[in-house]
Amino acid sequence: MLAYTYIEKGKFEMRQKPKPALLDERDAIVRVTLSSICTSDLHIKHGSVPRAVPGITVGHEMVGIVEETGSRVSTVKPGGRVTVNVETFCGECFFCRHGYVNNCTDPDGGWALGCRIDGGQAEYVRVPHADQGLNRIPANVSDEQALFVGDILATGYWAARIADITADDTVLIIGAGPTGLCALACVLLKKPKRIIVCEASAERVDFVRRHYPGVQTIGPAECRNYVNEHSDHGGADVVLEVAGGKDTFRLAWECARPNATVVIVALYDEPQILPLPDMYGKNLTFKTGGVDGCDCAEILRLIAEGAIDTTPLITHRFPLSRIEEAYRLFEEKRDGVIKIAISF
Ligand SMILES: [Zn+2]
Ligand SMILES: [Zn+2]
């Protein structure tokens, strides 16, 4: 089969590999029908994910059809359409039982697919702990509608959930990239009083205005003053930092009102400074980290109901044979690209 492969720092290449086989009775083999490219794939390419293993097939955002299941897999059957979770988790350890599946202690736990084990920019993928990692796609939900459920949409949903948003809140979302837009879609479900999106790219601001007309937008330079003037208590009640830019961590806590919650979803290239003397008395609550992707069934239910629709994020479509071209477009952020669907 064809598999897009991490060769070494700076180099991905299409390779021929044998079709994966079941290695454990809890595994499933999924025939990939649609896959996507994530910024994390670029992080691997640029060598900023040290645990990524050269030789592995990349890709961790995909949907497909179950081809084969191990004897202990009970929630999915061959022939079923499924989303694949970016995180592998056992469902049994301390962290899994508390919903902190990102910290699953299983050897395959956490982000393994397309990083430490072969992922989904390939015709087939082996998914460990398939009962946890696969979710059935409802009949009225298309592959494109379900494509982001296991990764960026799970992240947006998790971020909105842990932010504890109320109806009186002004929510500031910093960054309208793919994950920021997924977070926005999920924050909208909480119906806060106001949502402000801070984004530097005029193209992306325009995207937000077209698709989410009730949402206010502002550039980074004016953000602090704008939020101050357009909130009830001198700052946002909740801030979601989804940009991961050079100054966006600072912007996030500066735009927060005293006693606000600041959720850091972004993955930074460099360490960030937490200037505690400057924020003394502001009494902020920071929530940080990587998605606990354990709400995929609920997200699929919301998509089936029409409450979430991330298909506008798919701005480009390429077949697997042209994935090189798709990567270049995505990496160079050309032609208003937000997300690319890779078809098989
Ligand atoms: Zn990702
Ligand atoms: Zn676990």
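Before I turn to the helices, let me say that the axes I refer to are lines fitted to C-alpha atoms over the stretch in contact, with angles taken between N-to-C directions. Please also keep in mind that what we are looking at is a predicted model.

Let me start with a helix pair. Helix H5, residues 152-162, packs with helix H6, residues 178-189, at an angle of about 50 degrees, and their axes are 7 Å apart. Since angles under 35 degrees count as roughly parallel and those from 65 to 115 as roughly perpendicular, that angle makes H5 oblique to H6. The crossing of these two helices, H5 and H6, is right-handed. On the H5 side the contact is made by Ile152, Leu153, Thr155, Gly156, Tyr157, Ala159 and Ala160, while H6 contributes Pro178, Thr179, Cys182, Ala183, Ala185, Cys186 and Val187. By character, the residues of this contact divide into 11 nonpolar and 3 polar, with no charged residue among them.

Now to the sheet. It is an open sheet of 6 strands, which follow the order E12-E11-E10-E13-E14-E15 with parallel pairing. At the edges stand E12, residues 216-218, and E15, each of which pairs on one side only. From one strand to the next, the twist averages 20 degrees.

Within that order I would like to dwell on E14. Strand E13, residues 236-241, runs parallel to E14, residues 256-264, and 5 bridges join the two. Alanine 236 has alanine 256 of E14 as its bridge partner, and the chain passes from E13 to E14 through helix H9, residues 248-254, in a β-α-β crossover that is right-handed. Another bridge partner in E14 is isoleucine 264, which is matched with glutamate 241.

And what does E14 pair with over 4 bridges? The partner there is strand E15, residues 285-288, again in the parallel sense, and in this pairing valine 263 stands opposite lysine 287 of E15.

Terms used
Residues are numbered from 1 along each chain as its sequence is written. Chains are lettered from A and ligands numbered from 1 in the order in which they are written. This is a predicted model: local features need pLDDT of at least 70, side-chain atom pairs count only at pLDDT 80 or more; totals for chains, interfaces and linings use all residues. Axes are lines fitted to C-alpha atoms, for helices over the stretch in contact, and angles run from 0 to 180 degrees between N-to-C directions. Angles under 35 degrees count as roughly parallel, over 145 as roughly antiparallel, 65 to 115 as roughly perpendicular and the rest as oblique. A crossing is left-handed if the near helix is turned anticlockwise from the far one by less than a right angle, and right-handed if clockwise. Two residues are in contact if their C-beta atoms, placed from the backbone, lie within 7 Å. Ala, Val, Leu, Ile, Met, Phe, Trp, Tyr, Cys and Pro count as nonpolar, Asp, Glu, Lys and Arg as charged, and the others, Gly among them, as polar. Two strands pair if DSSP finds at least two bridges between them. A crossover is right-handed if, with the strands pointing away from the viewer, the path from the first strand over the helix to the second runs clockwise.
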